[in-house]
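Here are a few exercises to work through with the model open beside you. Try each task before you read its solution.

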Amino acid sequence: MSAKTNEKEIPSIVASLFYGEVMEDEVFPYPQFSESQIEMAKAMVDAIDKFAQDNIDSPKFDKDSKIPKEVLDGLAGLGLCGLAVGEEHGGLGLDTTLYARVFSQIAGYDGAVATTLGAHQSIGYKALLNEGNEEQKKHWLPKLASGEVFAAFCLTEPGSGSDAYSIKTKATKNSDGTYTINGQKLWITNAGMAGFYSVFAKTEHDDGKGGKVEKISCFIVEKEREGVSFGEKEDKMGIRASETRAVYFDNVKVPASNMIGEPGKGFKIAMNVLNTGRLSLGSGSVGGMKMILKLATAQAKTRKQFGSTIDQFGLIQEKLATMAANIYACESMVYMTTGKITQGMHHFEHESAICKVYCSERLWDTIDKATQIAAGNAYMKEYPYERIMRDCRINLIFEGTNEILRIFTALSGIKGPSDDLKELGKIADVSKAIQDPIKSVGVLTDFAKKRMSKRFGSKTLTKVHPSLEVHGNHFVSMMKDFSIAVENTIMKFGKNIIGNELLQMRIANMTMELYAQLSVLSRTTSILNRTDVSDKDKEYVTHLTELICRDSRQSFTRNYKRLNSSYDKLIPKISKAVSERDGFGFDIIDF
């Protein structure tokens, strides 16, 4: 299936929020599965279900720290190693939305299996798929799509995690045009079982001033090349059946034809790969949450206390309701994003980062609540909860920690408004004009007028369903407050915002809440407008939307108020004291 349904380029929905704007014509109606997508999705989901029920033994995989080869072969036989590879190269050619839905189903059964398949195609050979030339694709994609060869993504190093540009691995160009690679990569999924490695290394380039500069390039490295070796398999807390090792490159010689994309463009290639990988983590989290809620619901409906099943107790009901609302919010965000990508949104780094952070944290909250519902049973290895909890935790770290992605969301989001402010000259003058516009008419530019419009302009989403209008009004009000807060922050801190991570966290958290609300309001509006949906289902999603929007507004308001409060000033003071004391450093005996 085609990766795009049209050639129209759609701007980032999240980026527009930083300006206090929402692209209603793009957000509404919510992206729907086409008939062909529905048919393919149902067929794939049914095939995965049948295979998983007979072949995926998660307790055994976890205990043995291994996925049997026959299971991997079976998954490959279903086409699950080449979901996004074009049919001309032996893959299924799924678009972004279908890929997400299929991956979600896999993740619902086993985190280690999903990690293995995701590391193979979501990131492992994604650089080849995105930037490879036809000769490279023709040679490799059929083998990768069939599962004959597995792939690994080699970026992380002992001294560089989130700071990817600081990698030390080098590829030195030889006189015959080949490259010699030296370095090591850490925590590489599929390392020992792979035959194809996307390796990122520093290469030397002219700086245009007679000197040299190092940039990152991307190379294909085959397993059998002399000088490639591996560390011992890591003994991990969770996703134990997936293979993780260090990879070493000792004078590994590769031809120039093994370079993916242009020389020195590897950093951008890596970031584009991770953008799509983060969406897989979002959709995988949705699949995991659904499976966990199913377990928790069965427990709540059968476990009796004080003469009633525990699903009759308010504190259990609160957990079940919150889990369901979290799933609805996450699913709405993921498929809003994939739907717009399929329709032509090329720059979706904001959306993918938000989906990864928001969904992975809701997944963790879901397994925490389910563990509490299962109580003592959940703590015993004979039940799946403790294994699932161990498997879930890595999602908050994978492919950019949630901390670094919050920083990315905030800083990349404010870049547009910040560039606009630079054009106005002295920021202090603009700030003064806004405070007293009557006395400073000369500086009351279009920017200042726009700020007044944000504060006092229309406060409605025109396309939201009438029954959701109150939530739409709240959303618009928050969005306008948010954009003004962003501008105030830029004017107040200037370049110093770069080092103010707590401030960045507040901005990122508010951004996530706005995108969650917008995605949910759009999806529920589409459901309520359909005539083929039962009143019972409409009531269910309306209640979910109500809970999501109310909780989201509370979270938004808390972060908004703390932007300019003294709350965050306490954090570095206390943290400094903890560091100085090498821990808590306080004993009840003495004080």
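**Exercise 1: strands side by side**

How many bridges join strand β3 to strand β7, and in which sense do the two run? Then find the partners of Ile188 and Val228.

*Solution.* Keep in mind that you're looking at a predicted model.

- Step 1: pick out β3 at residues 179-189 and β7 at residues 244-254. They run antiparallel, and 8 bridges join them.
- Step 2: go to Ile188 and look across to β7, where Arg245 stands opposite.
- Step 3: now take β6, residues 228-230, which also pairs with β7. This pairing is antiparallel too, over 3 bridges.
- Step 4: Val228 has Phe249 of β7 standing opposite.

**Exercise 2: cysteines and disulfides**

How many disulfides does the structure hold? Work out why Cys330 and Cys359 don't count as one.

*Solution.*

- Step 1: the count of disulfides is 0.
- Step 2: for Cys330, the nearest cysteine sulfur belongs to Cys359, 3.7 Å away.
- Step 3: a disulfide needs the two sulfur atoms within 2.5 Å, so this pair doesn't qualify.
- Step 4: try Cys549, whose nearest cysteine sulfur is that of Cys330, 14 Å away; Cys549 is in no disulfide either.
- Step 5: check the surroundings. Cys330 is buried, with a relative accessible area of 0%, and Cys549 is buried with 0% as well.

**Exercise 3: rings that meet**

How are the rings of Phe584 and Phe586 arranged: stacked or edge-to-face? Which residues form one aromatic cluster with them?

*Solution.*

- Step 1: a search of the whole structure turns up 11 aromatic pairs, and Phe584 with Phe586 is one of them.
- Step 2: their ring centres lie 6.0 Å apart, with 80° between the planes. Planes over 60 degrees apart count as edge-to-face, so that's the label here.
- Step 3: add Phe591, and you have the cluster of Phe584, Phe586 and Phe591.
- Step 4: compare with the surface. Phe584 has a relative accessible area of 63%, so it counts as exposed, while Phe586, at 43%, is partly exposed.

**Exercise 4: a nonpolar patch**

Which residues form a nonpolar patch with Tyr383, and where is Tyr383 found?

*Solution.*

- Step 1: the patch on the surface is made of Tyr379, Met380 and Tyr383. Together they have about 360 Å² of accessible area.
- Step 2: Tyr383 sits in the loop between α12 (349-374) and α13 (385-393).
- Step 3: Tyr383 has 30% relative accessibility, so it counts as partly exposed.

Notes: Residues are numbered from 1 along each chain as its sequence is written. This is a predicted model: local features need pLDDT of at least 70, side-chain atom pairs count only at pLDDT 80 or more; totals for chains, interfaces and linings use all residues. Side-chain values use heavy atoms; hydrogens and water are left out. Patches are made of residues with over 30% relative accessible area and no salt bridge: like charges are joined within 9 Å, nonpolar side chains (Val, Leu, Ile, Met, Phe, Trp, Tyr) within 5 Å. Accessible areas come from the Shrake-Rupley method with a 1.4 Å probe; for residues, only the protein chains shown count as cover. A salt bridge is a side-chain nitrogen of Lys or Arg within 4 Å of a carboxyl oxygen of Asp or Glu. Helices (H or I, at least four residues) and strands (E, at least two) are DSSP runs, numbered from the N terminus. Buried means under 20% relative accessible area, exposed over 50%, partly exposed in between (1.4 Å probe, protein chains only). Two strands pair if DSSP finds at least two bridges between them. Rings of Phe, Tyr and Trp (its six-membered ring) pair if their centres lie within 6.5 Å; planes under 30 degrees apart count as stacked, over 60 as edge-to-face and the rest as tilted.
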